[in-house]
Amino acid sequence: SLINAGADCLNQTGSVPFEQLPQADQLTVVQWMSSANPNELPGRFFMVVRQLAVEIYYSDARAWNGLAIDHPPQPQGFMPPWT
C-alpha cells in the first residue's frame with residue numbers, strides 16, 4: 001500500500017529509522033517530502049498523509065469550536081485525491 005511504501009521510504013532517509021532521527025532531521029525529511037513531485041512516492045505519500053490528517057481532524061466536532069460551522073467541512077461524496 002502507499003502508506004507502507006511511504007513509511008519504508010521515511011525509514012530509508014537516514015542511517016537509522018525515521019522515528020530515531022533527531023527532530024531537526026525529521027523536519028528536514030518532511031519538508032523535502034512536502035516539496036517532492038506528487039507523482040512520485042515521497043510527494044504522493046506526503047500529500048495523502050496530510051489530506052488524511054486534515055480530514056480526520058476536521059471530522060471531529062471538537063475541532064469546530066470557534067469556526068462558523070456545525071458539521072464536517074467535507075462535502076458528502078468527496079472523492080479522495082488518490083482514487
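Throughout this tour, a residue is called buried when its relative accessible area is under 20%, exposed when it is over 50%, and partly exposed in between, with a 1.4 Å probe and protein chains only. The structure is a predicted model, in which local features need pLDDT of at least 70 and side-chain atom pairs count only at pLDDT 80 or more, while totals for chains, interfaces and linings use all residues. Residues are numbered from 1 along each chain as its sequence is written, and side-chain values use heavy atoms, with hydrogens and water left out.

**The whole chain**

Begin with the protein chain in a cartoon view, where the secondary structure comes to 3 helices and 0 strands, helices being DSSP runs of H or I with at least four residues, strands runs of E with at least two, both numbered from the N terminus. Read from the N terminus, the elements follow the order α-α-α. Of the 83 residues in this chain, 18% are buried. If you switch to a surface, about 6100 Å² is exposed, and carbon and sulfur atoms supply 56% of that area; such areas come from the Shrake-Rupley method with a 1.4 Å probe, and for residues only the protein chains shown count as cover.

**Helix α3**

Next, select α3, residues 41–58. The 18 residues of this helix should span 26 Å at 1.5 Å a residue, and its end C-alpha atoms are 26 Å apart, which agrees; the expected span is 1.5 Å times one less than the number of residues. Colour P42, G43, F45 and V48, which are the buried residues of α3, and then show α1 (2–11) and α2 (23–34), which are among the elements that cover them.

Within this helix, V48 counts as buried because its relative accessibility is 4%, and its C-alpha atom is separated by 8.6 Å from that of I3, which is 45 residues away along the chain. By contrast, R50, also placed in α3, counts as partly exposed because its relative accessibility is 48%. A C-alpha to C-alpha distance drawn from R50 to S34 should read 9.3 Å, for a separation of 16 residues in sequence.

**The nonpolar core**

Now select C9, L10, F18, L21, V29, M33 and F45, the 7 residues of the largest nonpolar core, meaning a set of buried Ala, Val, Leu, Ile, Met, Phe, Trp, Tyr and Cys residues joined through side-chain atoms within 4.5 Å. The elements that give two or more residues to this core are α1 and α2.

Centre the view on L10, which is found in helix α1 and counts as buried because its relative accessibility is 13%. Leaving out residues up to four places away in sequence, L10 touches F18, V29, M33 and F45, where contact means heavy atoms within 4.5 Å. From L10 to P42 the C-alpha to C-alpha distance is 8.3 Å, across 32 residues of sequence. Moving to F45, and again leaving aside neighbours within four places, you will find contacts with L2, I3, G6, A7, L10 and M33.

**The surface patch**

Finally, return to the surface and select V54, Y57, Y58 and L67, a nonpolar patch with about 370 Å² of accessible area together. Patches are made of residues with over 30% relative accessible area and no salt bridge, like charges being joined within 9 Å and nonpolar side chains (Val, Leu, Ile, Met, Phe, Trp, Tyr) within 5 Å; a salt bridge is a side-chain nitrogen of Lys or Arg within 4 Å of a carboxyl oxygen of Asp or Glu. Among the patch members, L67 is found in the segment after α3 and is partly exposed, with a relative accessible area of 41%.
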